[in-house]
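I opened this model to look up its core, its ring pairs and one central strand pairing. My entries follow in the order I looked.

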Amino acid sequence: MVRAVWAVLRMVSCQGAAALNLNVSGSVIDAASSFRSVHVPFRAAHSKVRHLSSAVRMPEITTDHLDKKQVQLLSEMCILIDENDSKIGADSKKNCHLNSNIDKGLLHRAFSVFIFNSEEKLLLQQRSDAKITFPGCFTNTCCSHPLHTDSELEEKEAIGVRRAAQRRLEAELGIPMAQVTPDEMTYLTRIHYKAQSDGVWGEHEIDYILFMQKVEMACLIPTM
């Protein structure tokens, strides 16, 4: 079920806002062109890792035309892993997202947070047009990367990834960290995800799927 939602939200939705209704078996039965709340039952997902792949190209690279803040974030250090999700080193966010490196097998750790309310409606985010990868796309509540720091490298019960999710929910949505604590996040599974954003940039990551349910979305009060 989660894998079906993920594939549609991260790739198909780049063509515009999408509203998805899923049946119990998890197959997509409707994808509308206008945005409305997404209803996804808050249930445990399968633990099988899925490998999604796409063709890549290796054109020349320039960041001159990109948003300055987004370019600064490219220097953050991501966690490099092998296909078993074992840590093997660190590299910049820029290097991790270049198709030329992805084509050589460079793989990093990531996460995706899905926040539901009491009616089992999913909070979606539309990515900024300034984003380097998948600008303007509708996605799950928050998707990003744990950094190569002591607190976010910790692997027991995926606590490092959950701390990273808490940090990014505040950075991207302005949700105070006290309102989305790691203890409230349920780690469900991982997926092996690979997709091309354009001719230069793409994604290749093992993605931790985190679910959270808040009784009222209104309690998530943005700070900015």
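Which residues have the most contacts inside the largest nonpolar core? I found Phe-111, Val-113, Leu-169 and Leu-210, in a core of 15 residues. A nonpolar core here is a set of buried Ala, Val, Leu, Ile, Met, Phe, Trp, Tyr and Cys residues joined through side-chain atoms within 4.5 Å. Buried means under 20% relative accessible area, exposed over 50% and partly exposed in between, with a 1.4 Å probe and protein chains only.

Basis. I note that the model is predicted: local features need pLDDT of at least 70, side-chain atom pairs count only at pLDDT 80 or more, and totals for chains, interfaces and linings use all residues. Residues are numbered from 1 along each chain as its sequence is written, and side-chain values use heavy atoms, with hydrogens and water left out.

Overall. I read 6 helices and 12 strands in the protein; these are DSSP runs numbered from the N terminus, helices being H or I with at least four residues and strands E with at least two. Of the 224 residues, 50% are buried. I also looked up the contacts between residues at least 6 apart in sequence, and 65% of them join residues at least 24 apart. Contact means heavy atoms within 4.5 Å.

Core. Which elements give two or more residues to the largest core? I listed β6 (108-116), α6 (159-173) and β12 (202-213). Helix α6 gives the most, with 4 residues. I then noted a second, separate core of 13 residues, which includes Phe-116, Leu-122, Ala-195 and Ile-209.

Leu-210 and Ala-165. Leaving aside neighbours within four places in sequence, I found Leu-210 in contact with ten residues' worth of listing that I shorten here; among them are Phe-111, Val-113, Val-161, Ala-165 and Met-185. Ala-165 lies in helix α6, and it counts as buried because its relative accessibility is 0%. With the same neighbours left aside, Ala-165 is in contact with Phe-111, Val-113, Met-185 and Leu-210. I also looked up Pro-146, 19 residues from Ala-165 along the chain: the C-alpha atoms are separated by 7.6 Å.Strand β6. Is β6 mostly covered or mostly open? I found it mostly covered, with 9 of its 9 residues buried. His-108, Ala-110, Ser-112, Phe-114 and Phe-116 point one way from β6, while Arg-109, Phe-111, Val-113 and Ile-115 point the other way. In a regular strand the side chains alternate between the two faces of the sheet.

Pairing. I take two strands as paired if DSSP finds at least two bridges between them. β6 and β12 pair in the parallel sense over 9 bridges, and the bridge partner of Phe-114 in β12 is Phe-211. β6 also pairs with strand β10 (residues 142-144), in the antiparallel sense over 3 bridges. There, Ser-112 stands opposite Cys-143 in β10.

Rings. How many aromatic pairs does the structure hold? I counted 3. Rings of Phe, Tyr and Trp (its six-membered ring) pair if their centres lie within 6.5 Å; planes under 30 degrees apart count as stacked, over 60 as edge-to-face and the rest as tilted. Phe-114 and Phe-211 form a tilted pair, 5.4 Å centre to centre with 50° between the planes. Phe-114 is in strand β6 and Phe-211 in strand β12, 97 residues apart. The rings of Phe-116 and Phe-211 have centres 5.0 Å apart and planes at 55°, so this pair is tilted. I logged Phe-114, Phe-116 and Phe-211 as one aromatic cluster.
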